[in-house]
Amino acid sequence: MKTSRARCLATMVVSVVLSSCVIEEPFARDNPWDTGSDVVLELTGPDSVHSVGALIDVVLSSSKPIPPEGVIVWKSNETGEAGPPPETQVFTAGPARFVVRQATAQYSQIAVSAFLDQRIVAWQVWVGQRTESLDLFCGSRLAPIACDATSMAPGSSRIISSLALDGNTNPVGRMEFAMARGTVVSRDPSVVSTALTQPNAAGTVTVQAVGAGSTWVVMRIENGIDSVRVVVAP
Amino acid sequence: MVPTHRPLLMRLFPSLLAVLACAAVAPLGDVAAQSSPTRPPLRPDSTLSPGPSGAGFAEWRSMIAARGRTGASFLVEADRYQVHVMTPMAIDALAQDSLTVKATRGCQRALSLSDEQVEFTRRIDPWVEFDSASYARPLVVLAVFPKERRRFDCHSGELPRFAAMSRGALYGLFDDPEPRTAVARVEVRRDGLEEFTPLTGRAKVTKLTRTTFVEDGSEHVRVYVDVQAFSPDAEGKVPSLELHVFNGVDPEPDILPMPDRLIRAVWQQMLPWQARQLDVGDTRITPPPLHFATPKDSALRVAHEAFERGALGTAASEVMMRLMFRPRPDQADIRNSMLEAATAFTLRDRPAEALSLVTDVMEVYPCLTFAPEAPTQLKEMAEATRKPARCTSIPLPIVALRSIVPGWGQATGPVRRNMALGVLAGTVASYGLAEFFRSRARADYERYASYTGGTTTPEPVESMYRKAQTGRNLGNAFTVAAVTVWVGGGVEALWSEYQHKRRLAEVREVGRTRGSSARGALALSPLVSVGRVGLQLRFQ
């Protein structure tokens, strides 16, 4: 009886001491702000935006929940860069939100980022202007005239102007890139030819009279399409 | 380097400045001063005869010297003086000129001495005539020197140093000689009474200092005293031995007490000669009442056989002579042989010598008990010299159980108290440190885990983690250390107790007769009985 009690006591003492003598595992390295942590951070958002004023909403996902009071600094390409501002500018518009301040028809890849101290998570967005509406006219923008109001003599050429707008009705810049993505055709090439038309920053179309008659010149850029009637008189 | 055996006693006194030494041979240099009536002479006035107790000593001594270096000399340092104590064997061992040259050569660089000066020390030997005059008698030499201001320990070992000292050569820095530090006369007093000194003498001190030898008139004095001056009293106690050193100016002498262990060591060294004397005038065969195990050492086995057939003098002498030389026999052989010698001395009515041996044995084996057949006197000696010790064993399961508390397994007696406290302190300290680092690591990790950016602290979050993890690693390391000390302490306690138990069994009722000594052993013997023939295995 006495022996068994002693054994029991000894076992208890040994158990207590041994339980406090365990080798502890390494601490989990799971602070999202730690550059060496095992936490996987990912920023996702739209692949591309197509107009000035468009918003870019991104989502920061983490393998470990990020506390709401955590300090995250959102950055894009608008700050801290020396030299002239880029033609494409994306500004921070709040947590996980950015806005396109400036863009052209030339698409650029812009990084939007979340800074957790020294840890940076970024998302690449293609930013540019996509033509949503198109208007063709002759004369100037301030005093447009109908192109078939006066006829062309065979062999002469005429310039047709265009006005392209993006989804937010902002004029599209750098039209040569937009025109490169578009087409200009003559319905009757025996009357006028569009062969002289080259993509250009002003977005103009050059047509040349070939033979007597009348026909339509059609211009299509992305979602914008317009046409004008041209008359050639001998 | 010290080619002597270290008898049991010597092993017990490692702190003594003990060295085998050799005295030297060289003509005495210029003897300028004449001895005054109160001062010891510069030359021996007579050659000592062996005397009644020294018959055959010269032959025995030369035989020992031929076998190899043995004996030890000792240095006792006081405020103004130092005493070099040499037995005859030590004098013989220190006698080679090469040792003195070796000592000087060792100091050649430190003292900037030339090769000629080094070689010259070969010729320093003022005591050759005294040693020659005292050769035939067992006398112990006490040489008293004035002390150096600063001694240079540049000799190539203790042996050359003592060899040089035996010739009066000192190495170091010296004060100018003063009458108060000069050694004029020395008296040896045993228990307050002046001992007769058959021979005294003085000689100059050769001081080897930087670049030169100094002979400034300083002298040292030797007194030759009979070895019996070192013998224990009737109760086995070490006598009080003092040197009274007079300087010629002060009326009162400087009193230099000789350490007890030195006295015992000198007596121990002379025991082989005492044993030799046993058979002088008493060569009877005395069957011994005790029987010890046959030793493994061949020389001790010869002594053992002599003991068994009752030639006690031969046995004791052989034992003591064997123990003078290396290699050291097995520990059990030493113990049993010393007990055989002690038995021989007891049976030949030489209790002082027997007691000296028993004391030495009991110092190492305080739990030793003799068999009932042992002479009463021997048993009384063992009881008288027994030191407090734990002579019981604790069952190993109990020791294992006790070891659960760190250090308690070691806490079996006063001798192991430090060990017990060490294990306890080591375990507790390691565990405490482990807990400290762990708790600090937890606090650091809390800080790390609660960090939510914005650099609110000057410390980067990465270093917070590293700090926490380092703390945890340290905590783990100290935990391992604590467990190691704890478990190791337990194992050590078990092993120690097991050894203790074995040692107790070894020294319980030593010397039992052959018939009874087989207890606890397995015996294989032929078995022939009615209807059965074979072998029987018995556990006794």
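Which residues in H4(B) meet which residues in H7(B)? In this predicted model, the H4(B) side of the contact is made up of Leu99(B), Thr100(B), Lys102(B), Ala103(B), Thr104(B) and Gly106(B). Facing them from H7(B) are Leu159(B), Pro160(B), Arg161(B), Ala163(B) and Ala164(B). Sorted by character, the residues of this contact come out as six nonpolar, three polar and two charged.

Two packed helices are described by the angle between their axes and the distance between the axes. For helix H4 (residues 97–111) of chain B and helix H7 (residues 158–165) of chain B, the angle is about 110° and the axes are 8 Å apart. H4(B) is therefore roughly perpendicular to H7(B). As for handedness, the crossing of H4(B) and H7(B) is left-handed.

Further along chain B comes helix H9, which spans residues 298–308. Its buried residues include Leu300(B), Ala303(B), His304(B), Ala306(B) and Phe307(B). Looking down the axis of H9(B), the buried residues fall within an arc of 160°, so they line one face of the helix. An α-helix has 3.6 residues a turn, so residues three or four places apart point the same way. The cover over the buried residues of H9(B) includes two other helices of chain B, H10 (312–323) and H11 (331–347). After H9(B) comes Gly310(B), which has a positive phi, near 95°.

Turning to how the chains meet, 22 residues of chain A are in contact with 22 residues of chain B. On the chain A side, helix H1 (residues 2–19) gives the most, with four residues. The residues on that side of chain A split into 13 nonpolar, four polar and five charged.

Back within chain A, Ser48(A) is worth a quick look. Ser48(A) sits in strand E2 (residues 48–49) of chain A. Is Ser48(A) buried or exposed? Neither label quite fits: with 15 other C-beta atoms within 10 Å, Ser48(A) is partly exposed, since a buried residue needs 20 or more and an exposed one has 12 or fewer. Setting aside its neighbours within four places in sequence, Ser48(A) is in contact with Val125(A) and Trp126(A). There is also Tyr107(A), 59 residues away from Ser48(A) along the chain, with 9.0 Å separating the two C-alpha atoms.

Note on methods: Residues are numbered from 1 along each chain as its sequence is written. Chains are lettered from A and ligands numbered from 1 in the order in which they are written. This is a predicted model: local features need pLDDT of at least 70, side-chain atom pairs count only at pLDDT 80 or more; totals for chains, interfaces and linings use all residues. Two residues are in contact if their C-beta atoms, placed from the backbone, lie within 7 Å. Ala, Val, Leu, Ile, Met, Phe, Trp, Tyr, Cys and Pro count as nonpolar, Asp, Glu, Lys and Arg as charged, and the others, Gly among them, as polar. Axes are lines fitted to C-alpha atoms, for helices over the stretch in contact, and angles run from 0 to 180 degrees between N-to-C directions. Angles under 35 degrees count as roughly parallel, over 145 as roughly antiparallel, 65 to 115 as roughly perpendicular and the rest as oblique. A crossing is left-handed if the near helix is turned anticlockwise from the far one by less than a right angle, and right-handed if clockwise. The arc is that of the directions from the helix axis to the C-beta atoms.
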